[in-house]
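Me: I'd like a close look at one part of this protein, with some context on the chain around it. Here it is.

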Amino acid sequence: MSEDVLKTVLKLFSIVARIDSVTEREREQVQGFLQDHVSLGKVAEYTNVFETHVQQTLADQNEEQQLVAACREVSTEVTQKQKVVIVMELIRIIAADGTISKREDELVKVVSRTFNVSDEETELLEVFLAAQSPQELDVKQVLVIDLESEGKLQHAFHMHRHGLHGFVGVVWISSANLYVLKYKGNADVFLNGVPLKSGGVRILPVGGTLRWSDLYDPVYYGDVLGIFKNFAEGQKISFEAKNISFKFKNGKLGLRNVNVVEESGRLIALMGASGAGKSTLLHVLNGTEVPSSGQVFINGVDIHKEPEKIEGVIGFVPQDDLLIEDLTVYQNLYYAAKLCFNNKSEEEIDVLVLRVLEDLGLSETKDLKVGSPLRKTISGGQRKRLNIGLELLREPSVLFCDEPTSGLSSRDSENIIDLLKELSLKGKLVFTVIHQPSSDIFKMFDKLLILDTGGFQIYYSNPVDAVIYFKKSINLLDSNQGECPACGNVNPEQIFNIIETKVIDEYGNFTGERRISAETWNRAYKKNERLSPVKTITEKPESTLQIPGRVKQAHLFSMRDIQAKLHNKQYLIINFLEAPLLAFILAFIVRYYNVDDHIHLGYVFGSNLNMPAYFFMSVIVALFMGLTVSAEEIIRDRKILKREAFLHLSRSSYIFSKISILFILSAIQTFTFVLVGNTILGIEGMLLPHWAILFTVSCFANILGLNISASFNSAVTIYILIPLLLIPQLILSGVVVRFDKLNPAIGNSSTVPFVGDLMASRWAFEAAMVTQFKDNKFEREFYPYDKVMSNADYKKIYLIPELETRLQYCMQYYQSKEPNLRQRVEDDFQLLRNELRNEIKLVGSENKPFIDNLYAAKFSENVYNETTAFINAIRQFYIKRFNKADQEKEKKIQSLTKTPEAEAEFEKFKMRYRNEAIADFVRNISEQHRVIEKDHRLIQKIYPVYKDPDPDHMVDFNAQFYMPKKHFLNANIDTLYFNLSVVWSMTILLAFTLYFDVLRRIVDGLSNLGNPVYKK
């Protein structure tokens, strides 16, 4: 306290003391107060100040007015604890002569009321300070510690301790959360190493230890708190970890026979050198990791064998942030609460969140976006408190925190530990890994467990006693003192300095070798290990967790993700402008027209030679947008997913929410892309088919992106992978390199090869080209005629001449004895049989017996003539078919072009809907080899867009590129619908691999191949 405050307090003392004249005993009490608050050199000076105030009188004011005025002077300068101490010292001064007069009591209560100390607490202090025996302390809010009073006290608490001569009384002033202790007896009793005078009164500091002999158990600060704090509100918890050992996958031992025995209302610190196994022990104790040996019990339930029985009982706050950076402080807690309490109404959730925010001291920041550590909106300490708040919402019976003060200032660290201490005082059991705590933080813990390198347990008891224990282990001076006698501070670093003391060489320099090994410390600890007995609770642990159903979880995950995305303005702007901007750039670049064409002035869709390139690039853009928008979705949430897996929230609901939002985003992106691109390029009547194609391929990319996001450990790796995923889609789409021009090991000259069938880009591009060609408004009028004409054209121009050539060759060489010629003849005969039988089916003719004679052994001139006659017949058949279709088409065209105006309109109509470059692509007229041979069949390479499927079995969908229909289950399905179905099937398959984490398992398995055996 300041000098002005001290002088005012002395003035208060003087006003009350001079009521019945100041006695020597009262002066001694004032001097004792001064000795506790100022240096010895200042005691005489302030005693004179007190005497001066005693001599002064104020004629115009009575004592009550003087006291109120003096109290108001210091009221805003001192804490409530200091106010209680002032009231207590005032009572000690007026009671120094053995009696408290009625007037003195009235004045003390005037001071108490002005300081907001109740009359009941003032009277409690008077009784406590005046008591000379345990029986006189038999009142509420008092604890008696002695050897004899057990069962004799009706109102006071009692603690039995062996070896204590006399008694210790402790009174709890609840309004200030202050513990005052007094000792009466003739033994040497020490508070934090400082002796207590008989009858002396001291404040019990946080982490304080009261001891009287090394042979008997001391009284710790936590023991006193456990007596006074009411744990009846929550269920009692017993926690036992027996002989816990843990072995890593590489064979290295991380923990060795660790024992922990605790109960409700304790705050436990786990400390140790880096790599000693602190976090590993935490994960074993909370059930995340399974021990190699040993068991962990909560209320008698083995948490690793029966985890369902303790679901919701354990809470875990990892070292990393579990916050969604784009949500506000309130929203982070709100969605956490909604996912934990399905049984609470919206109003109850709101009240709960606001209460937790108030407890966390975050009420003023509730509407601030959390932000990232690099883009700070709230401080590091506030982030840590909010992380803990995610678990405080449901108040688990056992809470584990992994380095909650890491990277924080000393003030923020104290606030965090204060928060955990508050939770333990509510009856919860809290374990926390702590690193380099300050003295004040260190003394807040009830127990300290120290691990040494290699997972050896070397200490498990009171924190302050740890200093004494390790000092005594190496016979240091003043080893009986855990705290500094002058300031009361504890230096935890001293413990680790002792543990890790290095050997000194002959030159006086420290070596790298430790003086005492971890095994030695462990043996010393095990030799004297005394675990405080804890009554095992057999009642099933209660869980406050009420997880909503999968559908509601999916809804909550979706709403949470949408809220986060809406708060990220950059994300929204880029993703919603990316598609139309790319469409504009791409369409503007490919919007070609011939400036030298004096017939078609300006841009005409039908003359744009770049339309195939536009459709191909549109597919690649859809793939790219789908991948980039999803590539970071899961890796960004990985830490949060660990917590949600710890709470047993549904993985399928989370994945479904991600997929739903990404599909909606992709639907918007691809729609705006198609809308802008089709408008600029003049593509009419194809908005929905083109959107369906790009949306489908973008959804495929979404799920592919989610798979890699869930499988790799860094965003950098993921973005390196994106080109590796896109380049095969480019190369194997059938556009950049034609399928029949691929490496023969993977290519196919007759149909689309298997590697092409694996590419979503191939299915999407083919669907876009075929649909644009045959389903546009113009081509729908003439496609049936063109199909008949092109098929007849192929037969009469390419197929039939090829059959005649083969037949003539067979006629010329069927009697040859030369092996090569005979093999060629046999192959040609087989081809003729296959093709002619197929033609018989197509033209509907009865079976011709000459086909069975198309063998070298049966062939003759007569068979040749019959075959030639049949080939001529089918030629005439296709000529008639061609002519008929051509006449019908011409008749229709003539009906639409009766006048010059109609003819001009017809030409415009054609150029608006039919693009010549697309027509050339899908008809494959640039192919030099119009017909090829494969497997004794002739394969049509020209006009694939007019060709019908020719399957080998009921599920044979293998076909040439650009065919208008695909065969599947004995049905011919339009290419648009079939190709989209294939891409959706691939998407669904990827969704299953995402749910079962298949790619992640493969990646982890490959990573483990690098070092399968641990090596020293």
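What is the strand order in the open sheet of four strands, and is the pairing parallel or antiparallel?

Reply: Bear in mind that this is a predicted model. The open sheet of four strands runs in the order β6-β5-β8-β9, and the pairing is antiparallel. At the edges sit β6, residues 194-195, and β9, residues 219-220, each of them pairing on one side only. Going in from the β9 edge, you meet β8, which covers residues 209-211. Strands β8 and β9 are held in register, antiparallel, by two bridges. If you want a residue to click on there, try T209: its bridge partner in β9 is Y220.

Now zoom out to the chain that carries this sheet. Its secondary structure adds up to 33 helices and 25 strands, and the sheet takes in β5, β6, β8 and β9 from that set. As for overall shape, the C-alpha trace spans about 150 × 70 × 60 Å along its principal axes. The radius of gyration is 45 Å, whereas a compact globule of 1016 residues would come in near 31 Å.

On the packing side, 51% of the 1016 residues count as buried. Looking at contacts with a separation of 6 or more, 68% are between residues 24 or more positions apart. The accessible surface comes to about 47,500 Å², and carbon and sulfur atoms make up 53% of that. Last, the charges: there are 116 positive and 125 negative ones, and their mean positions lie 6 Å apart.

Definitions and conventions:
Residues numbered from 1 in each chain as written. Predicted model: local features only at pLDDT ≥ 70, side-chain atom pairs only at ≥ 80, totals over all residues. Heavy atoms only, no water. Rg over C-alpha atoms; globule rule 2.2 N^0.38 Å. Buried < 20%, exposed > 50% of the residue type's maximum accessible area, 1.4 Å probe, protein only. Contact = heavy atoms within 4.5 Å. Areas by Shrake-Rupley, 256 points an atom, 1.4 Å probe, with all protein chains shown as cover. Lys, Arg positive; Asp, Glu negative; His and termini not counted. Charge placed at Lys NZ, Arg CZ, Asp CG, Glu CD. Pairing = 2+ DSSP bridges.
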